[in-house]
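Work through the exercises below with the sequence and the 3D view open. Try each task before you read its solution.

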Amino acid sequence: GGGARLSPNFEMEAVGAISELAQSLRGCELRRITRSDFETTVRKHLSGSHADQQIAQLWDKVSRSVTARWLIITKAKGLSCAGLCGGRGTIGQGELCSFLLREMQQRESTARAHLTLPLPHLPTFSSMPNTKDTVCAVLGLSTPPQYLTVSKDGSICTWSTRFHLQQSVSIGGGHGSVRGRQGHGMCITSCVMIGGTLVLATTGRDLLFYDTVSLSCLHKFQKLPFVPLCLTYGVEDEKYATSPGHLVWGDESGCVGILSFAEPHKSFFRSRLVTFNGVTDQAPLVRIRYEKAHSDWVCQVGWTGPAHYVISAAQSSSPSLLIQHVSAHRKKYIFKIRMGVSCFDYSHRLEVVATGSLDHIVRLWTPFSPHQPVASLSSHTTGIVGVAIDERSWHLFSLSRDLFLCVWDIREHHLLQTVSVKFPFTQRQPDFGPSPLLTLPLPSPTLNISCNEYMARFTLNEAAGLEGEKVDTGHTHPVCAVFFIPHFDQLVSGCEGGEVRVWDISSRRTCMKVEGCHRDQELTALAVDTEGGRILTGSRFGAIKVWDSLTGQNLQSLETPGATEVVSILHHPEMRRFLATGWNRQISVFEDKKLQLSPEPAWAGGTPHCDDIITMDYCSPYYLATGSFDGLTVVWNTDTERIVAQFRSQLKRRDQILTSATLKSPTSQHPPSATNSLSTSSRPASRRLSSYRLKSASRSHLHHVPVDKLLFLKTRVKSKARGQSTLVTSEGGHAFFWDMFSSGPPLGHSK
C-alpha cells in the first residue's frame, strides 16, 4: 500500500532506469507510456529482481509530478484509481523529466546537509582537581551562569561556561557529612539541583540538602530503607517559581520514592533532621510515596515535564522501563526488554524516549506506547551506558562502555557519525556516573561526556542546529481539521488562519503549503477527495476552493448559497459529488465532473433545520447525518435525499447556555448580502464550540443543547444492526449513543 517506503538502493537504480526511459520516448510519436509498459520497461533496466509492489509504488511516485491540469483524480469510466496521471492512465516524457528534476534537487539538498558532521572538532578535556573519583553529575547554575560538578567522594567544583575552574571544595564535617560514622567513608551516588539547593544521595541511605552558596547542610533526610542510586526533580509548572515540585529517587531494591513539596521555594521540611518513617509528620508541607517498581536496582529516574509522569529504568526484563503518574491514580506504562534498560533520555518536545541496553542496541519509543519500539539502532559492540537527545538538531547521542560515541538522526533512524573518545587516562577501566552524557547550552551547544574524573566536551555543529530549527513544527493558528491520505502516506491539515499543509509522515516534514487560502478570511472547513489529489477548503463567508495537493495551485473557486460560514465538506465517491453545509442550514451538492465541480439543483429533502448546521458526517454507501445549533440531528439517505431518522438533543435549552466570553453579533460577521437572511439566527459569531458550559448537570434541564459533533459507527451501520448504537452525538460535553434504525431515546450516554 501507500504506507510502505521505497528502499534507497531501489530508488537509486530506478532513477537511472527512468532517465533512460525518458530518452527512449523521444522517438515515440505520442511520447507517452502506459502503466503496464512502464513497469515492463523499468524491470528490464533494473539489475536484479524487485517486488512488483515496489515498482507499482514507483509508478505512483512518478505520477505525482504531473501538471495541475492532469493531476485531478476522478473516477471517470475506464480510469484506474492507481493510474494517477493525466486523467488517461499514461505518463509523458515531460512528466518523467519533471520527476527526475525534483529527485535530483532533493538528493542534492540531502547531500549538502550531510557534508557537515554533527561533531566536527576533537573534544577538549577537563579533570576534577585533587581527586581520582568518578564524576557523578554536571549541573547547571543560573545566577551567575556556570556549571557545577560533583564527584563520588564529595568533591564539588564550579566552572565557568567555558569550563575554566573557579572553585573546588570538599564536603565534610558536621551533620550531612559524606564522611561516614566512625570514620568510614560514604560515597555520593547521585545529585540534583532544586533552585539554589544541591541534593545529594549517599550510600549511607541519606538525602542531603546543601545550600550552594554557603555549602551548609540545610536538611538531612535519613534512614531510608535502601541506598538511593539516582535522583531527579520536576516541577508541576515551570512558568512559576512558586510551583510545587517532586523529588524522585530510585534505590537498590527496585523501589521508587517521591517527595512532593508544596512550597519548595520556601522550605522543604520543618526541621533539619527528618527520618523516612517520620516524614508523614511534615504534612502538608511534604508528602511521600514509596513503592516497588522493578525487580532489580533502579539505574535512572526521569521527569516528563507538563504531563507529570515519572520514568524509571532497571536492568530487568519486566518492567525494564516504567512510566507512571506522580499521583499513582493513572495507568502505568510498562516497557519490556529482555536485557533491561541501562540508560534513557526523554524529550517532551519531540515526543520520544530513547533507551540503551546491555544488548548493544539503542531503541526509540513513543512515550506512551510500550508495545514495540519505533526503531532499533544497532552499531555499538558493547553495552550502552548513556544516551542524550539534542532537540535543537533532532540528533541522538549514544555512548557505549568501550567509549565509542554514535550520533543518530532521530527522524531518519540512521547513523550520522561514530567517534572514539580518547580520554587521557591509561590502564584504568572506565567508570561512569548515573548520567554520563549531557547536552549543555552555554556558551554554545556542547555535548559533555563524564568518565572517571574527566570530562570531554564536543562542540556541536551550528549548521546542524540551524537546520533542525527550520523543521516545521505546525500551524501558528488553531487547527480545524486533519485528514489522512493512505495512498501517499501523507497528512493534510488546515488552520483557522487560512493555511493548509500537506505533511509527509515518514519524514515529518511539510511537502506542500498554501497560505491565505481565502485571503483574510478564516478557514472553517477542509476536505480531501478519496484519492488524495484535491483539497477543498471552506471559508467564513461561504466560499469553497479546490487546490492541487501536489503543487498548491488553486484549481477552482465556488460559492454556496447565502454567503455564510461553511462548517463541513464531504466527498461522496459513490455518486461522484461533494456535499457542503453550514450556517445557511442547507446541504449544497457539487457534481464531481472530470475536470471541475459544478453545482447541482437544491437538496430534495429541503431544510428541516431551523438553526445553523454545525456538524456533518457520512457513512458509505448512502447515509448522511447533520447536526444543528438547535439540537436537531437528521439522518439522510443520499440516494433519495430523504430523511431516515431525526433525534433531538437530550440536554438543556440554548437559552440556559452561557458563553465564557462576550460574543459579537452574528450579523456583524457576515457580508451585507447575508445579514437579512440570517438576522434571526441565534448562532454566535465564534465557531469555537468549546466556549459553551452548562449551569447545572440536573436532569430537569437537559433539553436542546447544540450538537457539536457527529460520528457514525460504520461497521454497525453497514450490518444494519438493530438494538445497537450506530450514531454518536456530542452535546454539551456529553456523548449520546443512538440507534438510527429506531425512533426511540438514546441507548446510553457518557459525560
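The exercises go from the whole chain to single strands and residues.

**Exercise 1. Describe the chain as a whole.**

Solution. Start with the source: this is a predicted model. Next, take the secondary structure: the chain holds eight helices and 53 strands. Then turn to burial. Of the 751 residues, 54% count as buried. The accessible surface is about 33900 Å², and carbon and sulfur atoms supply 51% of that area. Last, look at contacts with a separation of 6 or more: 50% of them link residues 24 or more positions apart.

**Exercise 2. Find how many disulfides the structure has, then classify Cys255 and Cys406 as buried or exposed.**

Solution. Search the whole structure for disulfides; the count is zero. Now take the two cysteines in turn. Cys255 has a relative accessible area of 9%, so it falls under the 20% cut-off and is buried. Cys406 is at 1%, so it is buried too.

**Exercise 3. Trace the pairing of strand β10 on both sides.**

Solution. Locate β10 at residues 206–211. Five of its six residues are buried, so the strand is mostly covered.

- Step one: go to β9, residues 197–202. β9 and β10 run antiparallel and share six bridges. Within this pair, Val199 is bridged to Phe209.
- Step two: check the turn. The hairpin of β9 and β10 has three residues between the strands. Arg205, in that turn, has a positive phi of about 65 degrees.
- Step three: go to β11, residues 217–222. β10 and β11 are also antiparallel, joined by four bridges. Here Phe209 stands opposite His219.
- Step four: check the second turn. Five residues lie between β10 and β11 in their hairpin, and Leu215 has a positive phi near 55 degrees.

Put the steps together: Phe209 has Val199 as its partner in β9 and His219 opposite in β11.

**Exercise 4. Place Val169: which strand holds it, and which residues does it touch?**

Solution. Val169 belongs to strand β7, residues 165–170. Its relative accessible area is 23%; this lies between the 20% and 50% cut-offs, so Val169 is partly exposed. Now list its contacts, leaving out residues up to four places away in sequence. They are Gly154, Ser155, Ile156 and Leu215. Leu215 is the residue with positive phi from the hairpin of β10 and β11. Finish with a distance: Val169 and Cys157 are 12 residues apart in sequence, and their C-alpha atoms are 6.4 Å apart.

Notes
Residues are numbered from 1 along each chain as its sequence is written. This is a predicted model: local features need pLDDT of at least 70, side-chain atom pairs count only at pLDDT 80 or more; totals for chains, interfaces and linings use all residues. Side-chain values use heavy atoms; hydrogens and water are left out. A disulfide is a pair of cysteine sulfur atoms within 2.5 Å. Buried means under 20% relative accessible area, exposed over 50%, partly exposed in between (1.4 Å probe, protein chains only). Helices (H or I, at least four residues) and strands (E, at least two) are DSSP runs, numbered from the N terminus. Two strands pair if DSSP finds at least two bridges between them. Contact means heavy atoms within 4.5 Å. Accessible areas come from the Shrake-Rupley method with a 1.4 Å probe; for residues, only the protein chains shown count as cover.
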